[in-house]
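Hi,

Here is the structure I promised to pass on to you. Have a look at it first, and then read my notes underneath.

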Amino acid sequence: MKTLVIVVHPNLEQSKVNKTWAERLKQEEGMTLHHLYAQYPDFKINVEKEQQLLVEHDRIVFQFPFYWYSSPALLKQWLDDVLSYGFAYGSASSKLQGKELLLAISTGGPAEAYESSGRNGYTMEELLRPFQATANLCGMSFLSPFLLQGVLGMEEAKIQESAEAFVSYLKSQKLQTAK
Ligand SMILES: Cc1cc2nc3c(=O)[nH]c(=O)nc-3n(C[C@H](O)[C@H](O)[C@H](O)COP(=O)(O)O)c2cc1C
């Protein structure tokens, strides 16, 4: 299983969670880390290179902080450019058919804010539907996301613990697909 972890954080130096996760994942074999903002600060994406990376891996992970109930902007640009007709979907079979998509997300809001009766009024499952629909269209399995919630002011030790949990999660033999 070759895993591509696409890290999408506009300011990784200031990051606590996503930086810790990325540094921990770097120690693992069989994982390619790809820092999208470092690669494309001007948002000019090398589509061929990105598509090649996708083809070479079995599991694709989008790792990002939750921004305005979605991902930071560069991931949207990446989706628009890289998942093109004829490559990711269309008349011919998708080049992504049978691959897995996993989201790993940190949210400032705590888990209870993402219950139907909570402050945000919508669950993470509902808010992440566009990613799930994208995976479906491309013939990918959409795995249950890995979430760390309520991260604002979270103790360093808890963030480190979550990095270990993230690695274990990625190494689980059989990850569940999301409902
Ligand atoms: C522009 C912006 C938008 C944000 N929007 C949300 C949001 O919609 N929901 C939420 O729970 N947290 C939101 N946050 C908080 C981030 O999710 C939080 O700071 C991040 O997960 C921390 O990860 P890091 O330490 O890797 O930066 C937002 C933060 C920023 C800067």
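Below is what I found, starting with the ligand and moving on to the helices and a few single residues.

One thing to keep in mind throughout: this is a predicted model.

**The ligand**

The ligand has 17 residues around it, and His9, Ser15, Lys16, Ser106 and Tyr114 are the closest of them. If you sort that shell by type, you get 9 nonpolar residues, 7 polar ones and 1 charged one. Two elements to colour in your viewer are α1 (17-25) and β4 (100-107), since each of them supplies at least two residues of the shell.

Some polar atoms are worth zooming in on. A polar backbone atom of Lys16 sits 2.7 Å from an oxygen atom of the ligand. For Asn18 it is a polar side-chain atom that lies 2.7 Å from a ligand oxygen. Phe66 joins in through its backbone, with a polar atom there 2.8 Å from an oxygen of the ligand. As for cover, the ligand on its own has 630 Å² of accessible area, and the protein covers 73% of that.

Ser106, one of the closest residues to the ligand, belongs to strand β4. Is Ser106 buried or exposed? Its relative accessible area is 6%, so Ser106 counts as buried. Leaving aside residues up to four places away in sequence, Ser106 touches Val17, Asn18, Trp21, Phe64, Pro65, Phe66, Leu148 and Val151. You'll recognise Asn18 and Phe66 from the polar atoms above.

**Two helices with a buried side**

Next, take a look at α3, which runs over residues 47-56; Glu50, Gln51, Leu53 and Leu54 are buried there. These four lie on the same side of α3, because the arc they cover around the axis is only 155°. What do the buried residues of α3 pack against? The partners are β1 (3-7), β2 (31-35), α2 (36-39), β3 (59-65) and α4 (73-82).

In α4 the buried residues are Leu74, Leu75, Trp78, Leu79 and Val82. They also share one side of their helix, since they cover an arc of only 145° around the axis of α4. The cover over these α4 residues includes β1, α2, α3, β3 and α6 (129-137).

**Two odd backbone angles**

Most residues other than glycine have a negative phi. Trp68 has a positive one, near 50°, and Tyr69 has a positive one too, near 60°. Where are they? Trp68 is in the loop between β3 and α4, and Tyr69 is in that loop as well. Trp68 is exposed, with a relative accessible area of 79%, whereas Tyr69, at 36%, counts as partly exposed.

**Val167**

Last stop: Val167, in helix α7 (residues 156-171). With a relative accessible area of 3%, Val167 is buried. Not counting residues up to four places away in sequence, Val167 touches Arg24, Leu25 and Glu28. If you want a sense of distance, Val167 and Ala113 are 54 residues apart along the chain, and their C-alpha atoms are separated by 26 Å.

That's the tour. Shout if anything is unclear when you open it up.

Cheers

Notes
Residues numbered from 1 in each chain as written. Predicted model: local features only at pLDDT ≥ 70, side-chain atom pairs only at ≥ 80, totals over all residues. Heavy atoms only, no water. Near = heavy atom within 4 Å. Polar contact = N/O pair within 3.5 Å; in protein donor to acceptor, adjacent residues only side chain to side chain. Areas by Shrake-Rupley, 256 points an atom, 1.4 Å probe, with all protein chains shown as cover. Nonpolar A, V, L, I, M, F, W, Y, C, P; charged D, E, K, R; others polar. Buried < 20%, exposed > 50% of the residue type's maximum accessible area, 1.4 Å probe, protein only. Arc of directions from axis to C-beta. Contact = heavy atoms within 4.5 Å.
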